[in-house]
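Subject: Structure handover

Hi,

Here is the structure I promised to pass on. Please open it alongside this note.

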Amino acid sequence: MKILLVGCGVWGRAILRDLCQMSLDVWVFDPSSHARQSALAEGAERVFCDPLAAESTAFSALDGIILATPTSGHAQDLERWWALGIPLFVEKPLFANLCDFDVLKHAPAGICIHVMHIWRYHPALIAMRDAIADGALGEVQLVRTERLGWTSPRQDVGSIPNLLIHDLSIADLLIGQLPVVSSAHLERDAMGVERWGQIVLQQPELPLVSMEFGNRSPWKSRLIRIQGTEGAFVFDESRDPAVHWFKGDAQTPMSRTTTCQLAFDGSTTALQNELRAWLNFLAGGHEPETTPEQALRYARVLATLAAH
């Protein structure tokens with residue numbers, strides 16, 4: 001199977017590494033000579049620097065294309081590469097804003113586009129989702145997430161599309177539907193770009209969802225806490241790779257709460273699982289759930305927040 005990787009920056013190199021470990025033939029397109037040299041050193045079969053190479057008949061041998069380029073250029077990148085008629089896998093978020101979704105109106109008929117929402121493939125998240133479906137926590141009442149750290153600000157997008165979208169996909173996976181936004185508090189820098197936020201999503205008959213995100217916290221947190229009528233899951237990968245399961249209802253004192261760890265297979269990473277799911281689709285397997293329609297649902301939530 002031959003895959004073209006468009007963009008070989010920090011995240012693109014991680015994708016390239018895993019694709020090469022899967023013994024795939026990977027071609028890399030990147031205008032940076034340093035990126036192309038690094039790609040060859042990592043195991044890429046061929047590299048390209050000229051976008052006109054897309055006209056080459058050599059590309060007809062490709063099975064799929066992965067876009068790992070800056071979010072602000074996704075609309076232009078899609079238009080460049082979908083003309084080949086080859087399935088596309090696009091790093092999240094699909095677009096930087098809601099308006100960019102209009103480009104899909106001009107997509108070729110039958111083109112396959114999927115989005116890389118990596119946390120939906122995390123083995124711990126899959127185990128929590130399945131346990132919730134089996135009634136392990138009783139009725140889920142709250143999903144709480146934190147996505148905090150101290151990172152260099154992205155220049156093309158702020159924290160809402162860069163960070164928060166991860167937690168929207170997590171809550172969507174765990175409870176099957178996102179409530180509507182009921183409140184939002186955002187901090188913006190001098191350029192008007194969101195750097196921190198705290199939001200609450202609330203809707204009758206659905207669990208309460210609370211999310212905090214930002215890139216100016218000196219303490220890293222990747223917390224996911226799910227509270228139900230009969231227990232709670234706590235998972236913070238930045239501190240502990242285990243999912244802690246606390247069994248007890250609201251009246252159970254801590255001294256009588258049963259605790260254990262929720263088992264999951266951590267032998268593969270979320271990125272490896274995500275890539276394998278897409279490659280399996282290319283080979284005739286099930287279609288990934290991460291469609292442009294799902295991306296549009298998330299983008300509408302983000303657009304609601306941007307207006308605050």
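Below is what turned up, from pockets to backbone.

Keep in mind that this is a predicted model.

**Largest pocket**

The largest pocket holds about 1100 Å³ of space. Its lining has 36 residues. Trp11, Glu91, Lys92, Asn162 and His166 lie nearest the centre. Four elements give two or more residues each to this lining: H1, strand S7 (140–150), H5 and helix H6 (270–282). H1 gives the most, with five residues. By class, the lining has 12 nonpolar, 14 polar and 10 charged residues.

**Second largest pocket**

About 250 Å³ of space lies in the second largest pocket. It is lined by 13 residues. Closest to its centre are Arg120, Tyr121, Arg129, Ala277 and Glu289. H4 and H6 each supply at least two lining residues. H6 gives the most here, with three residues. The lining divides into five nonpolar, four polar and four charged residues. H6 is thus named for both pockets: it gives two or more residues to the lining of the largest, and three to that of the second largest.

**Cavity**

How many cavities of 30 Å³ or more does a search of the whole structure find? The search finds one. About 40 Å³ of space lies in it. The lining is made up of Pro93, Leu94, Phe95, Phe101, His117, Ile165, Ala295 and Ala299. Seven of these residues are nonpolar, one is polar and none is charged.

His117 is worth a look of its own. The residue sits in the loop between S6 and H4. Is His117 buried or exposed? His117 counts as buried because its relative accessibility is 2%, and the cut-off for buried is under 20%. Leaving aside neighbours within four places in sequence, His117 contacts Lys92, Ile165, Ser169, Glu274, Thr290, Gln294 and Tyr298. Two of these names come up elsewhere. Ile165 also lines the cavity, and Lys92 is among the residues nearest the centre of the largest pocket.

**Nonpolar cores**

In soluble globular proteins, nonpolar side chains tend to be buried together. The largest nonpolar core here has 63 residues. Ile66, Met128, Leu174, Ile226 and Phe233 touch the most other members. Helix H5 (residues 159–175) gives the most to this core, with 10 residues. Another core lies apart from it, with 25 residues. Val6, Ala75, Leu88 and Phe101 are among them. Phe101 also lines the cavity.

Back to the larger core and Leu174. Which residues does Leu174 contact, leaving aside its neighbours within four places in sequence? They are Leu125, Met128, Arg129, Ile132, Val143, Ile224 and Ile226. Met128 and Ile226 are also on the list of residues that touch the most other core members.

**Helix packing**

Two packed helices are described by the angle between their axes and the distance between the axes. The axes of helix H4 (residues 123–133) and H5 come within 8 Å. They cross at roughly 35°. From H4, the contact uses Leu125, Ile126, Met128, Arg129 and Ile132. From H5, it uses Ile170, Leu173 and Leu174. These residues divide into seven nonpolar, no polar and one charged. Arg129 of H4 takes part in this contact and is also among the residues closest to the centre of the second largest pocket.

**Backbone points**

Most residues other than glycine have a negative phi, and most peptide bonds are trans. Three places in this model are worth checking against that.

- The peptide bond from Lys92 to Pro93 is cis, with omega near -20°. Pro93 lies in the loop between strand S5 (88–91) and strand S6 (113–116). Pro93 also lines the cavity.
- Ser23 has a positive phi, near 65°. Its loop runs between helix H1 (10–21) and strand S2 (25–29). Ser23 is exposed, with a relative accessible area of 64%.
- Glu205 has a positive phi, near 75°. Its loop is between strand S9 (194–201) and strand S10 (208–214). Glu205 is exposed too, with a relative accessible area of 80%.

Over to you.

Best wishes

Note on methods:
Residues are numbered from 1 along each chain as its sequence is written. This is a predicted model: local features need pLDDT of at least 70, side-chain atom pairs count only at pLDDT 80 or more; totals for chains, interfaces and linings use all residues. Side-chain values use heavy atoms; hydrogens and water are left out. On a 1 Å grid over the protein atoms alone, a cavity is a set of points where a 1.4 Å probe fits but cannot get out, and a pocket is an open set with protein on both sides within 12 Å along at least five of seven lines; lining residues have an atom within 4 Å of a point. Grid points are joined across faces, edges and corners, and a volume is the space filled by probe spheres set on the points. Ala, Val, Leu, Ile, Met, Phe, Trp, Tyr, Cys and Pro count as nonpolar, Asp, Glu, Lys and Arg as charged, and the others, Gly among them, as polar. A nonpolar core is a set of buried Ala, Val, Leu, Ile, Met, Phe, Trp, Tyr and Cys residues joined through side-chain atoms within 4.5 Å. Buried means under 20% relative accessible area, exposed over 50%, partly exposed in between (1.4 Å probe, protein chains only). Contact means heavy atoms within 4.5 Å. Axes are lines fitted to C-alpha atoms, for helices over the stretch in contact, and angles run from 0 to 180 degrees between N-to-C directions.
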